[in-house]
Amino acid sequence: MIKTDIAIIGGGITGLWLLNQLQAAGYSTLLFEKAGLGQGQTLSSQGMIHGGLKYNLAGVTSNASETIAGMPDIWQQCFAGEGPVDLHNAKCLAQSYHLFSDAALGGKLAAFLGSKAIRGGAKALKHLPEPFDHPEFKGSVYEIPDMVIDTATVVTALAESAGNSIIQAAPTPVCNGGSGIVRLTLPDGTAVEAERYIFAAGAGNEDLLRQSDIAVAMQRRPLHQVLVRGPLPTLFGHAVAIGSGDKPRMTISTHKTKDLQTVWYLGGDLAETGIHRSGAAQIEFAKNELERFLPFLDIFDYEFKSWRIDRAEPKTPGTLRPDRPFCEKAGNVLVCWPIKLTLVPLLAREVLKHIIEPSKWPAPSDGYLKATVGEAPWDQSF
Ligand SMILES: Cc1cc2nc3c(=O)[nH]c(=O)nc-3n(C[C@H](O)[C@H](O)[C@H](O)COP(=O)(O)OP(=O)(O)OC[C@H]3O[C@@H](n4cnc5c(N)ncnc54)[C@H](O)[C@@H]3O)c2cc1C
């Protein structure tokens, strides 16, 4: 039998961030991860810490853009070692990203960005960086001062500072008739009793909720991303077109595989609309989008793969994107989904509001198999 103040299930960004903040607040906390740390949505994400601009592309100040505006500052503090968690050993992939248009939109984009109260200050670029510095590039490029994080190094930093509190196991909750849970049972039969249980298992929350008889519903919003491997320039940016609503037509981020090859990871509207396309059709679609925005890039012989992953969130009417991070109490369980990486600091604030009892149990001693960091899509695909 293990006794701890708080037991967290799920070792993505949510579970790891909460583990660090709860330990710093003096609670004995254990985290259980069934696979590799981060190997759900976190390592599949594009790592952009949005300051609201992406959510303002439709020209309206939505609840989402209000909520998200303060987040980049908190992340910056964490990277400086002065925030609610210490990320000074983690890396940023970029301190800004680009918003770029195709030739058809060029002039209109300037008018559009100039006419809206765009939060975050998009700056028009006169001296274009690679790959836009090509004579055949006819669109416009803006720079957005929001960072892009290297999620694998963030997961590693959070795991390292949490010491021996991360256990490789998928626990089963023992139900208490819908008002919380009595304990967790590990696959080797060990019982884990905690004052509070936190479900931070992304899509895995669905099973945990069913096993615990807790009436919180989850939705999945699937994505069909595309990866391109080859000697590509570094690019972080949203390709936009007026009329594509509040979603960039295509979002490109650049990553290195473990053997240091460059991969472009393509998401945005392309990934949302591509969920019904086969892998081959999705790759064809992505090639056409690249041809439309960056026609001079000779990359069509590079290696392309597609990657399916679901976003896991609380259920909303019409399966829309929720505006805020989700933290709901059901007896002694807190059910959490951050909605975006960006919003994890806000989610942690909500969780801490629910945990105000003094610590009761000392940190459990070691002796369990420690979960290690998982693999990103670019290391699994090629
Ligand atoms: C393609 C894509 C791109 C994205 N890009 C961005 C972006 O640029 N910016 C941004 O802000 N957000 C982005 N997001 C959203 C962001 O990635 C997620 O909101 C965030 O990673 C969710 O983190 P999480 O820890 O809650 O869940 P996850 O990362 O899914 O982690 C859940 C963990 O729980 C584990 N688990 C599951 N079941 C169990 C169990 N029974 N027992 C133990 N462990 C279990 C899983 O193995 C996993 O490690 C993106 C998401 C996707 C899918």
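Student: How do you know how α1 and helix α5 (residues 151-161) pack?
Tutor: Two packed helices are described by the angle between their axes and the distance between the axes. In this predicted model, α1 and α5 pack at an angle of about 35°, with their axes 9 Å apart.

Student: What makes the crossing of α1 and α5 left-handed or right-handed?
Tutor: A crossing is left-handed if the near helix is turned anticlockwise from the far one by less than a right angle. The crossing of α1 and α5 is left-handed, so the near helix is turned anticlockwise here.

Student: How do you know which residues in α1 and α5 meet?
Tutor: The test is C-beta atoms, placed from the backbone, within 7 Å. In α1, Ile13, Leu16, Trp17 and Asn20 meet α5. Their partners in α5 are Val154, Val155, Leu158, Ala159 and Ser161. By class, the residues of this contact are 7 nonpolar and 2 polar, with no charged ones.

Student: What makes Gly10 one of the residues around the ligand?
Tutor: The cut-off is a C-beta atom, placed from the backbone, within 6 Å of the molecule. Gly10 is one of 39 residues around the ligand, so its placed C-beta meets that limit. Gly10, Gly12, Gly40, Gly202 and Gly204 come nearest. Elements that give two or more residues are α1 (13-24), β2 (29-33), β12 (218-229) and β16 (303-314). α1 gives the most, with 3 residues.

Student: How many residues of each class does the shell around the ligand have?
Tutor: The shell has 15 nonpolar, 20 polar and 4 charged residues. Glycine counts as polar, so the five nearest glycines, Gly10, Gly12, Gly40, Gly202 and Gly204, fall in the polar class.

Student: Which domains does the shell around the ligand draw on?
Tutor: At least three residues come from each of domain 1 (2-42 + 154-219 + 316-381) and domain 2 (94-148 + 221-310). The C-alpha centres of these two domains lie 33 Å apart. Their contact takes 9 residues from domain 1 and 11 residues from domain 2. On the domain 1 side, helix α10 (residues 377-381) gives the largest share, 4 residues. That side has 4 nonpolar, 4 polar and 1 charged residues.

Student: What makes β5 (123-124) and β16 edge strands?
Tutor: Each pairs on one side only. They belong to an open sheet of 8 strands, ordered β5-β6-β4-β13-β14-β15-β12-β16, with mixed pairing. Helix α8 (residues 279-293) lies across β4 (97-101), β12, β13 (237-240), β14, β15 and β16. α8 runs at about 100° to β16.

Student: How do you know that strand β14 (residues 250-256) and strand β15 (residues 262-267) pair?
Tutor: Pairing needs at least two bridges. β14 and β15 have 6 bridges, in the antiparallel sense, so they count as a pair. Isoleucine 252 stands opposite leucine 266 in β15.

Student: What makes the phi of leucine 260 stand out?
Tutor: Most residues other than glycine have a negative phi, and most peptide bonds are trans. Leucine 260 has a positive phi of about 65° although it is not a glycine. Leucine 260 sits in the loop between β14 and β15.

Student: Why is the peptide bond from glutamate 130 to proline 131 called cis?
Tutor: Its omega is near 0°. Proline 131 lies in the loop between β5 and β6 (141-144).

Conventions
Residues numbered from 1 in each chain as written. Predicted model: local features only at pLDDT ≥ 70, side-chain atom pairs only at ≥ 80, totals over all residues. Domains from an automatic or database assignment. Axes fitted to C-alpha atoms, helices over the stretch in contact; angles between N-to-C directions. Contact = placed C-beta atoms within 7 Å.
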